[in-house]
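Open your viewer and get ready to click along. We will begin with the chain from outside and then step inward, one selection at a time.

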Amino acid sequence: MCGILGRKEMKALVKIQSEIVREIRRFLFKKGFLEVLPPLFDEVTDPGIRRAKFFEIEFYGKSYKLMSALTVHKQILASHFGKIFSFCPCFRKEDRKARYTKRHLAQFWQVEVEIPYASYEDAMKLVERLVQSVCKHVKEKCRKELKVLKSDLKVPSLPFPRIKHEDAVRIARKLGRKAYWEKELPWEAEKALSLHFKQPFFIFLYPAGSRGFYEKIESRKSLSFDLIYDSGFGEGCSGSERECEYEKILKKIKGTHLEKSKWYLDSIKKLKPSSGFGIGLERLTRYICKLPSIEKATLFPRIPGG
């Protein structure tokens, strides 16, 4: 069960996490979003899980993958239903070494959001307003619980700082960390940047080919972003403008399990342009509660490597 010692701390955590979920739903419902229930497993799921592997199960004689994220599904759902969101359980067979980052779980919850006809800039604006609203709500409703957990939560101001990937590389190098123009930031570089800032910030416009296949590319840049929490807590949300052209998607999914799924190939023939993001619930909980490691942000931690 939860890694937080003491019934008082555990009750405080559950109360705060409940209010986080409540405010996320209130905020998105007010913005006109429709909540959809996710599948727990399917023949397809997000293949862009950064070197992690899938958990698989047998279901009536056929192999299925537990959901790693709702990314490929929510782009299709948004094309049919408009603005949607979901609380999706995610399962990723992370390398055992990931447990030592203090920010990885093998099972976690992700708030999945998709917005038709929106740009990645639109998605970033929604993310920052959502995170600010959640922090403000918890600060108002959970003063006693924050005190129990010794969290000095501050409500971040808008807009959050925005840093292009190339500038993030320069800053990381000045801070003495290895970082590369053509790749995502290594965790140690990201952590150094996180410690460098006093409130959440965005890194955006990653190099083409460094991210998921579903991210739209323009001028050799991925129209994508990460939200980085300050004070060393690191990445808490990833999002992008989506690729929606059928032929381009076919080229990008070669070699993945997606190209073998008739259901998926039929479903992406008439996609609408969209942007979306996923916010890790436990990572947001950890940031708000100022917890030392991610396993303390859930009642039932499942740690990489077992």
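Start with the surface display: the accessible surface of the chain comes to about 15200 Å², and carbon and sulfur atoms account for 53% of that area. Keep in mind as you look around that this is a predicted model.

**The whole chain**

Switch to C-alpha atoms. Taken along the principal axes, they fill a box of roughly 55 × 50 × 40 Å. The radius of gyration of the chain is 19 Å, which agrees with the value near 19 Å that a compact globule of 306 residues would have.

Now try a cartoon view. How many helices and strands are in the chain? You should find nine helices and 12 strands.

Colour the residues by burial next: buried residues make up 55% of the 306 residues. If you turn on contacts between residues at least 6 apart in sequence, 69% of them join residues at least 24 apart.

**A three-stranded sheet**

Select β2, β3 and β4. These three strands form an open sheet with antiparallel pairing, in the order β2-β4-β3. Which are the edge strands? They are β2 (41-42) and β3 (56-59), each of which pairs on one side only. In general, the strands of a sheet pair through backbone hydrogen bonds, in either a parallel or an antiparallel way.

Zoom in on β2 and β4 (residues 62-66), an antiparallel pair with two bridges. Click Phe41 and you will see Leu66 of β4 standing opposite. Click Asp42, and the bridge partner in β4 is Lys65.

Move to the other side of β4, where β3 pairs with this strand in the antiparallel sense over four bridges. Here Ile57 stands opposite Tyr64, and Phe59 stands opposite Lys62. Follow the chain around the hairpin of β3 and β4: there are two residues between the strands, and Tyr60 takes a positive phi near 50 degrees.

**The nonpolar core**

Hide the sheet and look inside. In soluble globular proteins, nonpolar side chains tend to be buried together. The largest nonpolar core in this chain has 48 residues, and the ones that touch the most other members are Phe225, Phe277 and Ile288. Show these three as sticks.

Which elements give two or more residues to this core? Among the helices, select α1 (7-30), α3 (120-141) and α9 (281-289). Then add the strands β5 (84-91), β6 (107-116), β8 (201-207), β10 (221-229) and β12 (274-280). The element that gives the most is α3, with 10 residues.

**Last stop: Leu291**

Finish by selecting Leu291, which lies in the segment after α9. Is Leu291 buried or exposed? With a relative accessible area of 6%, Leu291 is buried, because buried means under 20%.

Now add Ser151 to the selection. Leu291 and Ser151 are 140 residues apart along the chain, yet their C-alpha atoms are separated by 8.2 Å.

Technical notes: Residues numbered from 1 in each chain as written. Predicted model: local features only at pLDDT ≥ 70, side-chain atom pairs only at ≥ 80, totals over all residues. Heavy atoms only, no water. Pairing = 2+ DSSP bridges. Core = buried A, V, L, I, M, F, W, Y, C linked by side-chain atoms within 4.5 Å. Buried < 20%, exposed > 50% of the residue type's maximum accessible area, 1.4 Å probe, protein only. Rg over C-alpha atoms; globule rule 2.2 N^0.38 Å. Contact = heavy atoms within 4.5 Å. Areas by Shrake-Rupley, 256 points an atom, 1.4 Å probe, with all protein chains shown as cover.
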